[in-house]
Structure formats: structure tokens, C-alpha cells
Amino acid sequence: MVRRPPDPGGVARQTDHMNAFAAAQIPAALRRLRRETDMFLATADSLSEDELRGPSKCEGWTRAHVVTHVARNADAFCNLVEWARTGVEKPGYTSPEARDAEIEDGATRPGAEIKADARAACERFAQAAKQLRTELVTEEVKIGSGPVPARGLLAVRMTEVLVHHDDLDTVWTLAEAGPDAQLDVLEEAVRRLRARDDVPAFSIRTLEEDEWTFGEGGPLVRGERAGVIAWITRNVTAGVSCDRELSNVSMF
């Protein structure tokens, strides 16, 4: 089956604030997202035409599909910011079918056009996201995985950028992402898992000393933040250890 990704430092801390960033936290979150987005775009720019047409880690998608998806996701999130700012419902995509069609069509364009489009779309979202610093009419919007705090869109977008940067399957790895960016992604993963009713009891403890617990008495998953992100988003087990058997709890 073809897997389609949904639309989707320093001081140790135990966190679980559901990514409902306060307005005062938005500038720092925007700076983190800008850094990681620029790194993603730099990797995309480095790809030759043949490399863009090569397979990504997303089964059934080329790298061109992944870059196009990140661009269309940026535009979708512009819609969601407008929803939060005005109170008028504006879904990210008109339909799942329209979303998939845009990605399929966009991935066939020349590489230079794909790259320019991605850069422009990311910049549109960067500008739109600044509005999250102001008072919002709607504090919650809906994405493919369900309701999300409007200011938490930055963590959702960070997840898209980091995970799909890794999906490009280049020399860049999740370990190169900033530590606070990694933490944003993990907290978004925790938010999604807590919204589900099929998650078994287990705990996560990163080597950076972040910790989250789901239920009581379950297995303990250990690893660096980057390894835990790969495990929880793509079920990659190489970077983590678990003291007992645990079923797949992937957020995707």
C-alpha cells in the first residue's frame, strides 16, 4: 500500500504543553521554524533533476513529490492561520482528493519550478504565521489529524518540515535539526497520541531528559530526540531501545 503522509536544547525539561504556544512564544517558534525551513530548502535546491526524480523515503513518492507536498502544506497552513485570525472556517485543503492531485501534478514540473514554488510557498507561510502573535478570533482549527490549537500550527508545520526533510533521503539527518525544533516535533507527537484512544501504556524518556507517560506500567522507550522522532513518526527502531515489547504507536 502506498503510504501518504497526512497533513500531517540545552536545558533538560519535562514538557507537555500541547503546543498551545502563548503569543509571547511565537517569535522564538518562528525563528526555529525559519531555520529548519531554510535547511530543507537548501537541501531541495542541492538536488539535481535526476535526484528529484529519484525515490524518497515515502513509498510511492519521488523527492519531487515530497518537495511539492511541503509547498502545498505551507499554502494550506496559510488558510488555517486566516481561519484562526478571522473566525471564518477555511480548511487547509478543499478535499483529500484535491490535495493528492495537486501534489501529483506539481511533482511533474521542471525541477527549477518545483524549487522556486517551494521557496515562495514557505515564505508566504512565514509571513502569514506572524499573525499568530496577535489576538485570535478562533483558538482552535482542524487539520487532517483532528483539532489543533491555532498557535500549535507552528509545531505541526515543524513536524512536516523535519520529517519530510528526512524523507528526502539525503545526507541530512534528524540529528542535525535544532534541539528545540526536535522538542517541538516530539510535543506535537505527544499531542496527537494523547488525542487517540488506541495508544497502549508506555513512557518515553529521551537522553536529553524529556519525559512523557501514557497510562501506567507500560514499557519505557529510550533514545536521543532524533531517534525517538524517527521511531514515533516512521516506526524506525534503530535509534531507540525499549525494555519490553511494544506495539507500533506511530503518529502517522
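Begin with the aromatic rings, where three aromatic pairs are counted, a pair being two rings of Phe, Tyr or Trp (its six-membered ring) whose centres lie within 6.5 Å, called stacked if the planes are under 30 degrees apart, edge-to-face if over 60 and tilted for the rest. Select Phe 202 and Phe 214, which form a stacked pair with 4.7 Å from centre to centre and 10° between the planes. Phe 202 belongs to strand 3 (residues 202-206) and Phe 214 to strand 4 (residues 211-214), so this pair ties together parts that are twelve residues apart in sequence. Helices (H or I, at least four residues) and strands (E, at least two) are DSSP runs, numbered from the N terminus.

Keep Phe 202 selected and add Trp 231, whose ring centre is 5.9 Å from that of Phe 202, with the planes at 75°, so the pair is edge-to-face. Trp 231 sits in helix 8 (residues 225-234) while Phe 202 is in strand 3, so the pair ties together parts that are 29 residues apart in sequence. Ring pairs thus link Phe 202, Phe 214 and Trp 231 into a cluster. Phe 202 and Phe 214 are both buried, and Trp 231 is buried as well, where buried means under 20% relative accessible area, exposed means over 50%, and partly exposed lies in between (1.4 Å probe, protein chains only).

A word on how to read these values: this is a predicted model, in which local features need pLDDT of at least 70 and side-chain atom pairs count only at pLDDT 80 or more, whereas totals for chains, interfaces and linings use all residues. Residues are numbered from 1 along each chain as its sequence is written, and side-chain values use heavy atoms, with hydrogens and water left out.

Next, select Cys 242, which is found in strand 6 (residues 240-242). Its C-alpha atom is separated by 9.7 Å from that of Phe 202, 40 residues apart along the chain. Leaving aside residues up to four places away in sequence, Cys 242 touches Pro 219, Leu 220 and Val 221, a contact being heavy atoms within 4.5 Å. At 35% relative accessibility, Cys 242 counts as partly exposed.

Move to Cys 78, which counts as buried at 17% relative accessibility. The closest cysteine sulfur to that of Cys 78 is in Cys 122, 9.6 Å away and too far for a bond. With a disulfide taken as a pair of cysteine sulfur atoms within 2.5 Å, the count comes to zero disulfides.

Now colour the chain by pLDDT, the predictor's confidence in each residue, from 0 to 100. The mean is 90, and 91% of the residues reach 70 or more. Select residues 1-19, over which pLDDT stays under 50 and for which the model has 62 contacts beyond four places in sequence. Where pLDDT is low, the predicted coordinates should not be read in detail.

Finally, show the whole chain, which has eight helices and six strands; along the sequence, they follow the pattern α-α-α-α-α-β-β-α-α-β-β-β-α-β. The C-alpha atoms fill a box of roughly 50 × 45 × 35 Å, taken along the principal axes. Of the 252 residues in the chain, 52% are buried.
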